[in-house]
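Biologist: I'm new to this one, so please take me through it slowly. I'd like a close look at the charged side chains and who they pair up with, and then whatever else helps me find my way around.

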Amino acid sequence: HRVLQLYFMEKWEKWPVRVESPFSDRPPAEVTGTGARISFVGHASWLIQAGGLNILVDPHWSERASPFASWGPMRCSAPGIPFDSLPRIHAVLVTHNHYDHLDIPTLARLWARDRPRIITPLGNDTIMRDGVPGIEATAVDWGDRTPLDGGIAVHAEPTQHWSARGARDRRHALWASFVIETPAGKIYAVGDSGFGDGRTFRRVGERHPGIRMALLPIGAYEPRWFMKS
């Protein structure tokens, strides 16, 4: 009943077909030393450069976030970094399997070009292998620590969310946030999460004191009666 009310009784704001941004980044080949460089690509996609490594979080360069080529949510702004302007990507972190985060066409392009190390919560590696023949991905559980090169390591942490690629696989794969240890300090890449009672964020703060940067999702979601949780 509440879903029917949401789709057939609510008044929706008109969404723009296209919004042209004046900003477009051309990142360097690498960032070394004790610094880090973070570029916002769009929606949930970030490029993190630190310790000589280039790490993409939830990379999405497709025109739609959908299982269909010609139907579903469509990009209305170009990615903040053109794909061809990306430096060599050493690692890819995918927080969960919703289509606006796990984008098979983008992963296929990255895998063909750079063969990056891919880290994702349990079950999403199977989705990737089904979509990209020969792709390799490391599946992690909450609490796992995965070392990379350059003094960098990736921690998988709980987040208040869910997963599904279709109508019958809800919560069949795990979802997570990542805390990334870098020479510049720890970076908290949340992906998607509700706030709830704040317990999830307090737990991450206790496990990782001194986080230097948090990449937080902030959604202006209406109607509040349906989306507030």
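Modeller: Let's start with the count: searching the whole structure turns up nine salt bridges. Keep in mind as you look that this is a predicted model.

Take helix H3 to begin with, which covers residues 124-131. Inside it, the side chains of Arg129 and Asp125 come together in a salt bridge, with N and O 3.0 Å apart. The two residues sit four apart in the chain, about one turn of the helix. Their surroundings are worth a look too. Asp125 has a relative accessibility of 11%, and anything under 20% is called buried, so Asp125 is buried. Arg129, at 38%, is partly exposed.

Now for a bridge that reaches across the sequence. Arg203 and Glu157 also meet through their side chains, at 3.1 Å from N to O. This pair ties together distant parts of the chain, 46 residues apart: Arg203 belongs to helix H4 (residues 199-207), while Glu157 belongs to strand E8 (residues 153-157). Glu157 is buried, with a relative accessibility of 0%. Its partner Arg203 counts as partly exposed at 34%.

A third bridge joins Asp197 to Arg199, and here the closest N and O atoms are 2.9 Å apart. What about cover for these two? Asp197 is partly exposed, with 45% relative accessible area, and Arg199 reaches 56%, which is over the 50% needed to be called exposed, so Arg199 gets that label. Elsewhere, Arg18, Glu20 and Glu63 are joined into one network by salt bridges that share partners.

Charged groups turn up next to rings as well. The charged end of Arg109 is placed over the ring of Phe83, 3.8 Å from the ring centre. Arg165 does something of the kind with Tyr99, lying over the face of the ring at 3.8 Å from its centre.

That brings us to the rings themselves. A pair of aromatic rings is described by how far apart the centres are and by the angle between the planes. There are six aromatic pairs in the structure. One of them is Phe40 with Trp46: the centres are 4.7 Å apart and the planes meet at 40°, so this pair is tilted. Phe195 and Phe201 make another pair, with centres 5.7 Å apart and planes at 15°, so that one is stacked. Phe195 is exposed, at 55% relative accessibility. Ring pairs also connect Phe195 and Phe201 with Tyr188, giving a cluster of these residues.

Stay with Phe40 for a moment, as it leads to another spot. Phe40 is partly exposed at 45%, and its C-alpha atom is 6.5 Å from that of Gly80, although the two are 40 residues apart along the chain. Gly80 sits in the loop between strand E3 (53-57) and strand E4 (91-93). At 13% relative accessibility, Gly80 counts as buried. What does Gly80 touch, once neighbours within four places in sequence are set aside? The contacts are Phe23, Ser24, Asp25, Phe40 and Val41.

Two loops have a backbone quirk. Most residues other than glycine have a negative phi. His43 goes the other way, with a positive phi near 55°. You'll find His43 in the loop between strand E1 (36-42) and strand E2 (45-50), and at 56% relative accessibility it is exposed. Arg115 isn't a glycine either, yet its phi is positive, about 50°. The loop holding Arg115 runs between helix H2 (104-114) and strand E5 (117-121).

Last stop, the start of the chain. A nonpolar patch lies on the surface there, made of Val3, Leu4, Tyr7, Phe8, Met9 and Trp12, with about 780 Å² of accessible area together. Tyr7, one of its members, is in helix H1 (residues 2-9). With a relative accessible area of 55%, Tyr7 is exposed.

Key
Residues are numbered from 1 along each chain as its sequence is written. This is a predicted model: local features need pLDDT of at least 70, side-chain atom pairs count only at pLDDT 80 or more; totals for chains, interfaces and linings use all residues. Side-chain values use heavy atoms; hydrogens and water are left out. Patches are made of residues with over 30% relative accessible area and no salt bridge: like charges are joined within 9 Å, nonpolar side chains (Val, Leu, Ile, Met, Phe, Trp, Tyr) within 5 Å. Accessible areas come from the Shrake-Rupley method with a 1.4 Å probe; for residues, only the protein chains shown count as cover. A salt bridge is a side-chain nitrogen of Lys or Arg within 4 Å of a carboxyl oxygen of Asp or Glu. Buried means under 20% relative accessible area, exposed over 50%, partly exposed in between (1.4 Å probe, protein chains only). Rings of Phe, Tyr and Trp (its six-membered ring) pair if their centres lie within 6.5 Å; planes under 30 degrees apart count as stacked, over 60 as edge-to-face and the rest as tilted. A charge sits over a ring if NZ of Lys or CZ of Arg is within 6 Å of the ring centre and within 35 degrees of the ring normal. Contact means heavy atoms within 4.5 Å.
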